[in-house]
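Got the viewer open? Here's a short tour, one selection at a time.

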Amino acid sequence: MNNPKTVLVTGANRGIGLEVCKQLAELGFKVFLTARNVHAGEHAVAKLKSNGHDIHFIELDVSKEESIKTASQKFSQVDVGLNVLVNNAAILIDDTNIFNANTELLIKSLNTNTFGPVNVINNFLKFMNKGCRIINVSSGAGLISNMISYAPLYSISKAALNAVTKQFASVLAGKKIAVNSVDPGWVKTDMGGRGAPRPLSKGVETIVWLASEAPIDLTGKFPKDKREVEW
Ligand SMILES: NC(=O)c1ccc[n+]([C@@H]2O[C@H](COP(=O)([O-])OP(=O)(O)OC[C@H]3O[C@@H](n4cnc5c(N)ncnc54)[C@H](OP(=O)(O)O)[C@@H]3O)[C@@H](O)[C@H]2O)c1
């Protein structure tokens, strides 16, 4: 049997990240489920393992450089390459509007939602080769072309994440490593809330497609429902 494809997902103890792990494990991926909360992460792994999936836990707090470095060292001990990296972890901590923007909360949002993915990519890129893919889970809230006053700190951090996607897509084009942002839509999770119209299965559809099927020359793009949207 060929070696299974590997995927590492950040912020995967619940919500979209957990569902991505589950679906990719079902497709035969060797899954590295990461979370900042060890108890929650190990619990999620144990649950998926009981279904017979090839799934492993690594502690990873994307807001802490030391944690990212340690996670990358742990991954190197497994001695497999990394086919797909999913930067999923994020926070939505806006408490007010742009007139009262709180610098501390803006820095916190950027640290997790934007610098986190940059640091994760820079620490895990050494495990990735031609034909591999990086998926940055962004949001419609980060679209400059369609931006409204909703959650300004979160929106700014996701717009900046989209710029991160373009930067890495540009420098990795020569190596044939694809880099995409993805918009899952408004999804029923702790972040999306109970009133969200999309079930988890729909929210992860494009992420799973990018990880498993999408052509590698689809890079530097921002798909939603498997179709490119304007940044
Ligand atoms: N739900 C939606 O409607 C929606 C819409 C557009 C985009 N998105 C995006 O989809 C992704 C997943 O969102 P979700 O709806 O699944 O959110 P969620 O239910 O709130 O889950 C967020 C996950 O990120 C983790 N996380 C937060 N900060 C972290 C850190 N510093 N290090 C590691 N993990 C961290 C959380 O871990 P803890 O359990 O430890 O807090 C949790 O596992 C996010 O990038 C979000 O912006 C969601």
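**Start at the ligand**

Select Thr189 together with the ligand: a polar side-chain atom of this residue lies 2.5 Å from one of the ligand's oxygen atoms. Keep in mind that you're looking at a predicted model. Now add Tyr154, where a side-chain N or O atom is 2.5 Å from a ligand oxygen. Val187 is next, and here you'll want the backbone displayed: one of its backbone N or O atoms sits 2.7 Å from an oxygen atom of the ligand. Turn on a surface at this point, and you'll find that the protein covers 93% of the 900 Å² of accessible area the ligand has on its own.

**Widen the selection**

Pull up everything around the ligand and you should have 28 residues, with Arg36, Asn88, Tyr154, Val187 and Thr189 coming nearest. Try colouring that shell by class: 12 residues are nonpolar, 11 are polar and five are charged. If you show pockets, look for the ligand in the largest one.

Which helices each supply at least two residues of the shell around the ligand? Select 15-26 for helix 1 and 152-172 for helix 5; both do.

**Zoom out**

Switch to cartoon for the whole protein, and you can tick off seven helices and eight strands. The radius of gyration is 17 Å, close to the 17 Å that the globule rule gives for 231 residues, so the protein is as compact as a globular protein of that length. To finish, line the view up with the principal axes: the C-alpha atoms fill a box of roughly 55 × 40 × 35 Å.

How values were computed: Residues are numbered from 1 along each chain as its sequence is written. This is a predicted model: local features need pLDDT of at least 70, side-chain atom pairs count only at pLDDT 80 or more; totals for chains, interfaces and linings use all residues. Side-chain values use heavy atoms; hydrogens and water are left out. A residue is near a molecule or strand if one of its heavy atoms lies within 4 Å of it. A polar contact is a pair of N or O atoms within 3.5 Å; within protein, one must be able to donate a hydrogen and the other to accept it, and residues adjacent in sequence count only if both atoms are side-chain atoms. Accessible areas come from the Shrake-Rupley method with a 1.4 Å probe; for residues, only the protein chains shown count as cover. On a 1 Å grid over the protein atoms alone, a cavity is a set of points where a 1.4 Å probe fits but cannot get out, and a pocket is an open set with protein on both sides within 12 Å along at least five of seven lines; lining residues have an atom within 4 Å of a point. A molecule sits in a cavity or pocket if more than half of its atoms lie within 2 Å of its grid points. Helices (H or I, at least four residues) and strands (E, at least two) are DSSP runs, numbered from the N terminus. Ala, Val, Leu, Ile, Met, Phe, Trp, Tyr, Cys and Pro count as nonpolar, Asp, Glu, Lys and Arg as charged, and the others, Gly among them, as polar. The radius of gyration is taken over C-alpha atoms; the globule rule is 2.2 Å times the number of residues to the power 0.38.
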